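Grab a pencil and work through these exercises with the model open beside you. Each one sets a task, then walks through a solution.

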Amino acid sequence: MSLTLDTPTVDTLDTVVAVLRDWQSDAAPWQLHPGDLGWYRRFGAEATAAAVRTWSDAGRIVAIGLRDGATLLRLTLAPDARRDDRLARQLADDLTDPRRGVLPAGPVSLETPSDAVLREVLTDRGWVPHEPWTPLRRDLTAPVPRSATRVEVIGPERAGVRAEVQRAAFDGSTFTAEHWHAMAAAPTYADARCLVAYDDEDTAVAAVTVWSAGRGRPGLVEPMGVHRDHRGRGHGRAVTLAAAATLRKLGASSALVCTPSSNVGGIATYVSAGFRPEAAVADLRLDR
């Protein structure tokens with residue numbers, strides 16, 4: 001096997017997303033989702049393309065990675081390639097050597113599916129388990145119960161409200177209405193929705209974005225947050241139920257989310273909305 005490592009252009013980015021959609025399955029462990037690239041599009045098409053890496057074998061994409069921040073790569077592989085030793089070794093070469101342009105020099109981290117033999121190869125090369133993450137999944141076969149909370153789908157005219165809740169829910173967030181418009185203009189947003197929940201005083205208290213990967217495939221909740229001044233009142237559960245119901249309308253077979261295992265409150269919120277936690281998976285880290 002001879003792999004070709006590439007960075008897509010803006011023009012080829014949609015092809016990468018289409019391949020990633022095809023890899024989504026309820027039988028697969030937690031992995032990179034098209035919605036992750038969709039959420040990244042808030043930074044623009046050029047920045048998203050520059051953050052993506054693909055590995056191809058004879059013209060067929062067999063691995064896709066997203067640089068999510070300066071030192072983390074979120075990598076997934078084609079379902080039929082995850083136990084391929086030769087592929088794993090070539091990927092490990094590219095991930096470990098900063099001259100390949102995948103990860104920089106210094107300490108770096110990798111997220112990759114739990115069933116990929118790549119994890120074993122990297123462990124043999126000195127990568128170690130780091131932060132554990134807990135995936136959660138909600139089956140969408142049956143209708144999702146509704147809460148009494150008012151939740152609305154956000155369009156362009158309310159982008160500022162969506163952005164304001166995001167910043168109030170996540171410390172350090174720089175999300176703006178301009179970011180929302182950049183994200184919503186991308187093709188990936190055609191199967192996505194932003195929702196905002198309001199309390200009895202008509203105050204925006206929670207927000208979520210959901211991403212479908214197509215009918216019969218799992219959809220993604222990314223991100224969901226509750227305004228810091230309105231926590232502990234059930235708003236997270238309400239907006240998460242609305243997110244699951246929206247994904248069901250979009251044809252998703254299940255709803256997925258992943259959060260740090262240390263986020264006990266967040267996990268409890270998802271569980272209260274019918275999500276089932278799965279086995280935690282640790283990122284791999286290399287200190288060099």
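In which sense do strand 1 and strand 2 pair, and over how many bridges? Before solving that, note that this is a predicted model, where local features need pLDDT of at least 70 and side-chain atom pairs count only at pLDDT 80 or more, while totals for chains, interfaces and linings use all residues. Residues are numbered from 1 along each chain as its sequence is written, and side-chain values use heavy atoms, with hydrogens and water left out.

**Exercise 1. Work out how strand 2 is paired.**

Step 1: Strand 1 and strand 2 run antiparallel, with four bridges between them; strands count as paired if DSSP finds at least two bridges. Strands here are DSSP runs of E, at least two residues long, and helices are runs of H or I of at least four, numbered from the N terminus.

Step 2: Look for a partner pair, and you'll find Thr-4 opposite Ser-56 of strand 2.

Step 3: Now go to strand 3, which is antiparallel to strand 2 and joined to it by six bridges. Trp-55 has Ala-63 as its bridge partner there.

Step 4: Check the turn. Two residues sit between the strands of this hairpin, and Ala-58 has a positive phi near 55°.

Step 5: Finish with burial: five of the six residues in strand 2 are buried, meaning under 20% relative accessible area with a 1.4 Å probe, protein chains only.

**Exercise 2. Find which face of helix 4 is covered, and by what.**

Step 1: List the buried residues of helix 4: Leu-87, Ala-88, Leu-91, Ala-92, Asp-94 and Leu-95.

Step 2: Look down the axis. These buried residues fall within an arc of 165°, so they line one face of the helix; the arc is taken from the directions from the axis to the C-beta atoms.

Step 3: Recall the geometry: an α-helix has 3.6 residues a turn, so residues three or four places apart point the same way.

Step 4: Ask what they pack against. The elements in contact (heavy atoms within 4.5 Å) include strand 1 (3-6), strand 5 (108-111) and helix 5 (118-124).

**Exercise 3. Describe the surroundings of Gln-166.**

Step 1: Place Gln-166 in helix 6, residues 159-169.

Step 2: Is it buried or exposed? Gln-166 is buried, at 6% relative accessible area.

Step 3: Skip neighbours within four places in sequence, and Gln-166 touches Trp-39, Ser-173, Phe-175 and Pro-223.

Step 4: Measure across to Arg-228: 62 residues along the chain, yet the two C-alpha atoms are 9.9 Å apart.

How values were computed: Buried means under 20% relative accessible area, exposed over 50%, partly exposed in between (1.4 Å probe, protein chains only).
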